[in-house]
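Welcome, and thanks for taking a look at this one. Here is a short briefing to read alongside the structure.

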Amino acid sequence: TLRKPISQSSMADWASKNLNMHTQGIFRRRISISNMLSWNGGSIKKPMLITSNRTIKKEACEMFKLVQSYMGDRQTRMDRSHVALVTVTKCWSMQGLRDELYIQLIRQTTDNMCYRSLAWGWELMAISLAFFSPSPKFQSYLEGYIYRHLDSDENIAQRIKELVDLKNKKISKSRKKRKQNTEDEGLPISTYAKYCYRKLQKVAVTGGKKGLRKPTVEEITHARNAIITPSLFGSSLEEIMLRQQDMYPGNKLPWVQTQLSQQVLALGGEQTEGIFRIPGDIDEVNALKLQVDQWRIPSSLSDPNIPASLLKLWYRELEEPVIPQQFYKECISNYENPDAAVAVVQLLPELNRLVLCYLIHFLQIFAQPSNVGRTKMDVNNLAMVMAPNCLRCQSDDPRVIFENTRKEMSFLRMLIVHLDTSFIEGLV
């Protein structure tokens, strides 16, 4: 669902308060906000956003050149993947540069007369959103900008034509012109915008890439490919099943769910103390996530906490939770009634029901007394760590969230204890 973003006037007001107004000419006349936020072929001498940090001031100007290089507006010896890697790594390592990058991308994708450059600017924005979010105060501004481009392809083509015609009138034919290209090269801008809009909603909650290891070229490539090929993480169950149709046409369950679950058991997870409670090494989890998204399970895994952490992440990042939102109230209303809790499961859409039953069957293995003695994870602990990955409270009220958390845990506990999942054995 798309939220209504901030209005155009609010965005202009934000810009007037936060933009570091640039000057030009020998009289140092201030550049207007509209010019500050329009494509620029030259370099900048100071950041786009107001800052007192000297390092940010210096890095911002260098980053603008990287943005131009990625978009093909400045020559560079690096290939575009490495330009993106350097750019993303700077911002990932230095939080103060993140909003600066997004405002630079907004500038360079506004009134840009070259469609290819424009598309590559949007592509870099999509890649960046895979690694870090804007600050909370800048998020609504970026959201508003992206929102305006969700259905803008005809307007963009018309705008490019108008700008080209205007420029051709202003400059003489003898002067060298920047190569104009109004042809669609690659994806429509609305495709990038829709992807960025969804990605922004998610990254604002998750916070982006975690861990100590810096971004890699493989992760950059993966982030770029995800624009066209949805990831197995963060998509809907329907999208995931559609994507695996070619490789595993007979499967009734998501390959990622069954494979990661089997890996946890193959590595002795049901005998590992603190399984699902103790997180796996975050960098190892990130590396496994990258491989799983390429339909590969490495044979070198040894710690069951790594696939266990990634499995939890997969459930948590689903676009819609395993138990869809329309069933949430029914779940928390029947958290003490075993029969009613089981009845809710039967009401779920078929795919959601199978996925949930597979999860419960999986957790029932860990809930067996012989395993609890080793893992120290009884049915209450299992319900506590897994409930937030299956049910999502939509309230912003801390008291409601606190009260519902207890009910969510109790509901899942009812399913682990009382739901008959014997039919799921052998199902893939």
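Which residues have the most contacts inside the largest nonpolar core? They are I103, W122, M125, Y141 and I146, in a core of 66 residues. Please keep in mind that this is a predicted model. The notes below go from the whole chain to the cores, then to a recorded domain and a handful of individual residues.

**The chain as a whole**

- The protein chain holds 20 helices and 2 strands.
- Its C-alpha atoms fill a box of roughly 85 × 45 × 40 Å, taken along the principal axes.
- The chain has 428 residues, and 50% of them count as buried.
- If you take the contacts between residues at least 6 apart in sequence, 78% join residues at least 24 apart.
- About 21300 Å² of the protein chain is exposed, and carbon and sulfur atoms supply 51% of that area.
- The chain carries 57 positive and 44 negative charges, and the mean positions of the two sets are 12 Å apart.

**Two nonpolar cores**

- I146, one of the residues with the most contacts inside the largest core, is in contact with W122, M125, A193, C196, Y197 and L200, once neighbours within four places in sequence are left aside.
- Apart from the largest core lies another one, with 63 residues; L237, A308, L310 and M414 are among them.

**The recorded domain**

- UniProt, in an unreviewed entry, lists residues 235-423 as "domain: Rho-GAP".
- In the model, the span 235-423 is 61% helix and 0% strand, and its end C-alpha atoms lie 27 Å apart.

**Two residues within helices**

- Q108 belongs to helix α5, which covers residues 98-108. Its relative accessibility is 0%, so Q108 counts as buried.
- Beyond residues up to four places away in sequence, Q108 touches S38, W39, N40, F64, V67, Q68, M71 and D73.
- N286 sits in helix α13, residues 282-292. N286 counts as buried because its relative accessibility is 16%, and the cut-off for buried is under 20%.
- With neighbours within four places in sequence left aside, N286 is in contact with K209, K210 and E219. The C-alpha atoms of N286 and G211 are 8.2 Å apart, although 75 residues separate the two along the chain.

**A proline in a loop**

- P230 is in the loop between α10 (217-225) and α11 (237-243). Its relative accessible area is 32%, so P230 is partly exposed.
- Not counting residues up to four places away in sequence, P230 touches S235 and R243.
- P230 and I156 are 74 residues apart along the chain, and their C-alpha atoms are separated by 25 Å.

**Two residues with positive phi**

- As background, most residues other than glycine have a negative phi.
- D111 is not a glycine, yet has a positive phi of about 55°. D111 lies in the loop between α5 and α6 (115-128).
- Is D111 buried or partly exposed? With a relative accessible area of 29%, D111 is partly exposed.
- F276 is not a glycine either, and has a positive phi of about 75°. You will find F276 in the loop between α12 (255-266) and α13.
- F276 has a relative accessibility of 2%, so F276 counts as buried.

Definitions and conventions:
Residues numbered from 1 in each chain as written. Predicted model: local features only at pLDDT ≥ 70, side-chain atom pairs only at ≥ 80, totals over all residues. Heavy atoms only, no water. Core = buried A, V, L, I, M, F, W, Y, C linked by side-chain atoms within 4.5 Å. Buried < 20%, exposed > 50% of the residue type's maximum accessible area, 1.4 Å probe, protein only. Contact = heavy atoms within 4.5 Å. Helix = DSSP H or I, 4+ residues; strand = E, 2+ residues; numbered from the N terminus. Areas by Shrake-Rupley, 256 points an atom, 1.4 Å probe, with all protein chains shown as cover. Lys, Arg positive; Asp, Glu negative; His and termini not counted. Charge placed at Lys NZ, Arg CZ, Asp CG, Glu CD. UniProt positions renumbered as here; feature names shortened; annotations may be inferred.
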